[in-house]
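User: Please explain how the terms applied to this model are justified.

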Amino acid sequence: MLEVKDLEVSYGSIKALHGVSLNVPQGSIVTLIGANGAGKSTTLRAISGLIKTRSGSVTYSGEDITNQPAHKIVAKHLCHVPEGRMVFANLTVAENLRMGAYLRNDKAGIAADMDYAFTIFPRLKERINQAAGTMSGGEQQMLAIARALMSQPKCLMLDEPSLGIAPILVRAIFDQIVAINKERGLTILLVEQNANLALGISHHGYVLETGRVILEDSAAALLKNPQVRAAYLGD
Ligand code: ATP
């Protein structure tokens, strides 16, 4: 569904990606793991059109979307939940969710998707009229994912959904990522520093180091790989 080939990205004179290639099959959960600064977020930003690539290509559902503007890529149902969540702090939960549906005008569909969001994250329903900026980090992450779902994504890219969140909420969020994948058939590309958790719910994984893919395998094999265990799983 999503294929990235030989992607090169620079910030000014600093090269962040040196030819990254990835394949995310339809219906799968694929994880990128790697240390700070490895280029995980940059890879997602380049796919979703937030930064320009110097060379390489991004193909989505058979279409070349390399360097297309971000709003055109969202309209193709490829949706990015960036690190740091970025909810609209002064808007309520309900208003944030409606913002996620801004490209739609199917009222019944929007209401049904809002109900689905409340089913997977009941906490959001309890807080429907609360300003998003006053919610906990974990609740804001739930809202960021739910808002993304309101745009009817076919492929969802999640950047560090566990960052700075209490373990009990992290588990709830990861369980719902699995549910979204299974129930809605959504393809998911996940970026995580918590390699154990991420590989535990993924089909396939890539290990990034200083802007290069150094290893790729099934998630189960990466969890057993001694090199991965030593570097990313704290062995
Ligand atoms: P983290 O887990 O810490 O978020 P990451 O793997 O997502 O790390 P990136 O954020 O993609 O890594 O960063 C890759 C490299 O690009 C790093 O060396 C970083 O310093 C650099 N970089 C990222 N954003 C910018 C920017 N806006 N301007 C200049 N350099 C940047």
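Analyst: A charge sits over a ring if NZ of Lys or CZ of Arg is within 6 Å of the ring centre and within 35 degrees of the ring normal. The model is predicted, so local features need pLDDT of at least 70 and side-chain atom pairs count only at pLDDT 80 or more, while totals for chains, interfaces and linings use all residues. Residues are numbered from 1 along each chain as its sequence is written, and side-chain values use heavy atoms, with hydrogens and water left out.

User: What makes R184 lie over the face of Y116?

Analyst: R184 is 3.8 Å from the ring centre of Y116, and the limit is within 6 Å; R184 therefore counts as lying over that face.

User: Why is the contact of T42 with the ligand called polar?

Analyst: A polar contact is a pair of N or O atoms within 3.5 Å (within protein, one must be able to donate a hydrogen and the other to accept it, and residues adjacent in sequence count only if both atoms are side-chain atoms). A polar side-chain atom of T42 lies 2.4 Å from a ligand oxygen, so the pair qualifies. A backbone N or O atom of A38 lies 3.1 Å from an oxygen atom of the ligand, and a side-chain N or O atom of E83 is 3.3 Å from one.

User: What makes N36 a residue around the ligand?

Analyst: A residue is near a molecule or strand if one of its heavy atoms lies within 4 Å of it. N36 is one of the 14 residues around the ligand, and with G37, K40, S41 and T42 comes nearest.
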